[in-house]
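Trainee: Please give me a close look at one sheet, taken strand by strand. Then set it beside the rest of the model.

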Amino acid sequence: MRLLSRRFTLASAVPMALLAAASAAPAGPVEVRVSDAAGRPLAGAVVFLESREAHDAVRPAQGIEIAQAGKQFVPQVTVVPVGSAVSFPNRDTVRHHVYSFSPVKKFEIKLYVGTPASPVVFDQPGIAVLGCNIHDQMAAWVVIVDTPWSGQTGADGRHGWPRIPPGDYRLRTWHPSLPVGAVPADQALHVDAGPAQASVRLTGLTP
Amino acid sequence: MKLPAAWRRWPSAGLGGWPGASLGGWRLSSRIAALSLLLLLVVQAAGFFVIRAGIERNARAQLANQLVVGERIWGRLLDQRATKFGQGAALLAADYGFREAVGSGDMGTIGSALDNHGARIGATMSALLDTNMSVRSVAQAEGPALLPTLAPLAPRLTERGSAVALVGHKPYQFVMVPMRSPLLVGWVVMGFELDRALVDDLFAVSGLHATLVAQASGRPSEVLLSSLPPQLPAAALADGDGEVPLGDEPHLVRSVAVSADQQARVVLRLAGSVDDAVAPYRALQVTLAALTLIGLLLFGVGSVWTARRVTRPLGALVLASNRLGQGDYDTPVEHTDRADEIGELAKAFEHMRVNIAEHAGEIRQLAYWDKLTGLPNRVQFRDAVLSAIERADPARDHLAVVMLDLDRFKHVNDVLGYASGDRLLQGVAARLQQVVRDGDLVARLGGDEFALLLPTADAALAQGVASRIAAAFEAPLTLDDQTVDLSAGLGIACWPEHAGEADALLSRAEVAMYAAKRRTAGAQLYEPSLDNGSAFTLSLLSDLRRAIENDELRLYLQPKVAVADGTLCGAEALARWQHPTRGLVPPMDFIPFAEQTGFIRQITLWMFDRAAREQPALAVLGVQRLSINLSTRDLLDLDLPDKLDLILLRHRARAEGFCLEITESAIMDDPQRAAATLNRLSQRGFMLSIDDFGTGYSSLAYLKQLPVNELKIDKSFVMAMEREPGDAKIVRSTIDLAHNLGLTVVAEGVENAAILERLQGLGCDEAQGYHLSKPLPAADFAAWALTWSGRLSVSSIPAIDAIHPRIH
């Protein structure tokens, strides 16, 4: 259940490309390298850059789905900009009862089949843990970020953005292996016109 | 122990004769049965103890196993509770509403949900912990008190889901389940008091009593709860396990750690009663004992029956052998048809009975028949006489016994040999049988003695038979080429004239027979005159034996005087018998008899003893020699000289003071032996004298060789010398002869002065006889001697005057 999906969703990729194309200001590539406490590259870590500019630049994403297939949430980790609406199509033949008791977004979609009528809008930044009241083993995380620059590390523990406007950012790093309620790691990142690199060592992961 | 005689004998020990204390006196059957029973008992007892020990051991081992199982059951029970409560807690943890409350941090709802749910499943405490094990909410009244315990328990609870802990004085079981929504967001913990129901459950399932003991540091061990009934003190279990007595019953106790907390341990003590474990076996043992008892009973009955089967025939055999002992050989022995050892024994008995009967017949034959002649023997003859007398009527009937004794039979035997002697006897038997009438009985009494029983015969008839016998004997008997003349003495005695009963009749016939032989008169009818003293001599021997013991013999002395001067020079010792009823018995009436029987030797020794005692005193009176008669028997006794020595020694007498008188015939019976004895006596200093000289056949030449000092002329010559010139000549020549041989001469039978005077003339040395003095009691001898010597001295003339008082 804690295994991370390495698939990226269009939801995160598309806005970034649009932003990068729209901005005329100089911007440089930023690469973040995440490792665990032992220094090994950590895959599946969610990284995002926060700043006033980012807050202003964020726009809700459209058409994001967290499907239920094979009694699992797919994908298990979804990073969405704040205000995005996420729909929960049920691709199983059994019913699911999706809920979240997380303070950032409490909701429940009672027993349903197919796609429920209204998607759930995640209007606060934070991390929502989703479960199914019928299938205890099902768990998914929705990371709601207040920034257009977010992503998940690959198998090499790296994630890069091609064009990040220069400025001072807070580099936040989170991983589903962090305990429930854990706040994403926070470190400063200054971006110049040239390429920037940051490395994050994430501790407190549960095995 | 001495047993009553009845038990020592088979036949009287009936079935009721149960034995006494000693096994030695028990009947065989009882002994066999008792021994068998004893052995069985020993085996059973050994088995009993082995089984008992085994039971004890097995029961304990089983109990120990049971305790191990009990421990597992306890674990299972705890697990079941944990599962049950865990499920309850999990139910709460999974409750959507509760999760929603927890998710939204609605503490009020959380608290009431805990309270409600906890109460529903009977928890003493319910609590919600966050993922860091800090308490977020607690419910139930006792809840807060339990909270401090939770922290140390948490690792164990996380790991196992349940744990037991001591809180205060109570044991609690805690369960903890994770709460996920869907990720772990906290823990639901519930606590339950371990109560009596749990240990009772354990007891119900396992039969073991369970007791929970608290061992908190700094506090004495304490019993928390126990399934033991009130009468069994659970407190005894507070401190230990192993074998613990509860009440009066020993229990095996096993300890099981229930809580891991070292500071406040909870220990379960499982106790199983040893008695209960053994009980089923005990029942088995009782059954076994009952079986043993029944077995013993059956075995006993069997043994007794078997033993009886053996011993009852034995009893019959004992009876049979008793019958044999009593001379009943006619009843066959029982049980000979049995095939076993008893049967063999019975057959052996039967064989013995038949053999004994045969032998008894043979013995009877030997006892009643004379083998040589085939005639009845003395015993049968006597029986025949007895029964004939018994049958006869003394007033009317007669019967006669003829007894005969062959003459010269010994001579025939000696000359012709025993075989001829036997043939002679057979010939005589044949002739006798030819002579007798039908119904007469001829018997051989022994040796050359035969007898005839003539029933219904009176004296005349018997004499007729006797003369027929004599006639039959006239023809000589021819043995091979030898001719033997037959002759016999026949004695006849008739019943009832001569004797009233059988033995007397036989004895009378014998007396008559001896009389006939003496007179060589052919047949002699019994008459009482023949029998004078016959009864007398019969009782004489026993009387004689008594005579010496009772000191009835008396020593008499007859003086001897010197013929030349009349002085007392010697004395002859003579015995008289002072019989208590017959008065004074003269020597002629018992000395010959004593000589015949050999009893004379005792008399001789007695006389010598008395004479030796008197001798010193007599010597003073002038008696130089005491003469004592020795018989033939004395002479043949080689020990005589030694015996005389002893007597001399006893009385300090001298051999020289004695003259031993021996008759010629005594010497001639066995001249060599007599000579040897005489020589030894002479060497000791005894004077020796030939008594009754002239009556025997001894040659002077022979006498000369003997160490003889004196001749004693027989009184028949001396007494007759007055009338018969021949006798006088004998006396004279004897005196001359003796003197020529250097012997002293003594004349006995000097009955008057004339004889004495003639003897004096003939130069005889000593004289003895009634003219001088009859034999005197020893006590009177001194008086006589004094009178005699006084008379001699008064006369003061040559002795011859003194000796012939009647002449003057």
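Mentor: We begin with a single sheet and widen the view from there.

This is a predicted model, where local features need pLDDT of at least 70, side-chain atom pairs count only at pLDDT 80 or more, and totals for chains, interfaces and linings use all residues. Residues are numbered from 1 along each chain as its sequence is written, while chains are lettered from A and ligands numbered from 1 in the order in which they are written.

The sheet sits in chain A. It is open and has five strands, in the order β6-β12-β11-β8-β9. Strands are DSSP runs of E, at least two residues; helices are runs of H or I, at least four; both are numbered from the N terminus. Pairing in this sheet is mixed. Strands pair if DSSP finds at least two bridges between them. At the edges stand β6 and β9 (107-112) of chain A, each paired on one side only. From one strand to the next, the twist averages 20°.

Take the edge strand β6(A), residues 77-81, in detail. Five of its five residues are buried, so the rest of the structure largely encloses this strand. Buried means 20 or more other C-beta atoms within 10 Å of the residue's own, exposed means 12 or fewer, and partly exposed falls in between, with C-beta atoms placed from the backbone. Which residues of β6(A) point which way? Val77(A), Val79(A) and Pro81(A) point to one side of β6(A). Thr78(A) and Val80(A) point to the other, and all of these residues are buried.

What does β6(A) pair with? Its partner is β12(A), residues 139-145. The two strands run parallel over five bridges. Within that pairing, Val80(A) faces Ile144(A) of β12(A).

Further along the sheet, the sense changes. β8(A), residues 96-100, runs antiparallel to β11(A), residues 126-132, and three bridges join them. Here Tyr99(A) stands opposite Gly131(A) in β11(A).

Chain A has another open sheet to set beside this one. Its three strands come in the order β14-β1-β17, again with mixed pairing. β14 (158-164) and β17 (196-201) of chain A form the edges, each pairing on one side only. The twist there averages 15° per step from strand to strand. β1(A), residues 28-35, pairs with β17(A) in the parallel sense, over six bridges. Glu31(A) has Gln197(A) as its bridge partner in β17(A).

Now chain A as a whole. The secondary structure comes to two helices and 17 strands. Of the 207 residues of chain A, 41% count as buried. Contacts mean C-beta atoms, placed from the backbone, within 7 Å. Among the contacts in chain A with a separation of 6 or more, 70% link residues 24 or more positions apart.

Chain B has 26 helices and 27 strands. It runs to 808 residues, 35% of them buried. For its contacts with a separation of 6 or more, the share from residues 24 or more positions apart is 60%.

Two helix pairs in chain B deserve a look. Helix α2(B), residues 28-94, packs on helix α7(B), residues 274-325, at about 165°, with the axes 9 Å apart. Axes are lines fitted to C-alpha atoms, for helices over the stretch in contact, and angles run from 0 to 180 degrees between N-to-C directions. α2(B) and α7(B) are therefore roughly antiparallel. The labels are roughly parallel under 35 degrees, roughly antiparallel over 145, roughly perpendicular from 65 to 115, and oblique for the rest.

The other pair is α10(B), residues 409-416, with α11(B), residues 418-435. Their axes lie 6 Å apart, at an angle of about 140°. These two helices are therefore oblique to each other. From α10(B) come Phe409(B), Val412(B), Asn413(B) and Leu416(B). They meet Tyr418(B), Ser420(B), Gly421(B) and Leu424(B) of α11(B). By class, the contact has five nonpolar, three polar and no charged residues. Nonpolar covers Ala, Val, Leu, Ile, Met, Phe, Trp, Tyr, Cys and Pro; charged covers Asp, Glu, Lys and Arg; the others, Gly among them, are polar.

Elsewhere in chain B, Pro671(B) belongs to helix α20(B), residues 671-683. Pro671(B) counts as partly exposed because it has 14 C-beta neighbours inside 10 Å. Its C-alpha atom is 9.7 Å from that of Leu636(B), 35 residues away along the chain.

Last, where the chains touch. Chain A gives ten residues to the contact, and chain B gives twelve. The chain A side has six nonpolar, two polar and two charged residues.

Methods. Contact = placed C-beta atoms within 7 Å.
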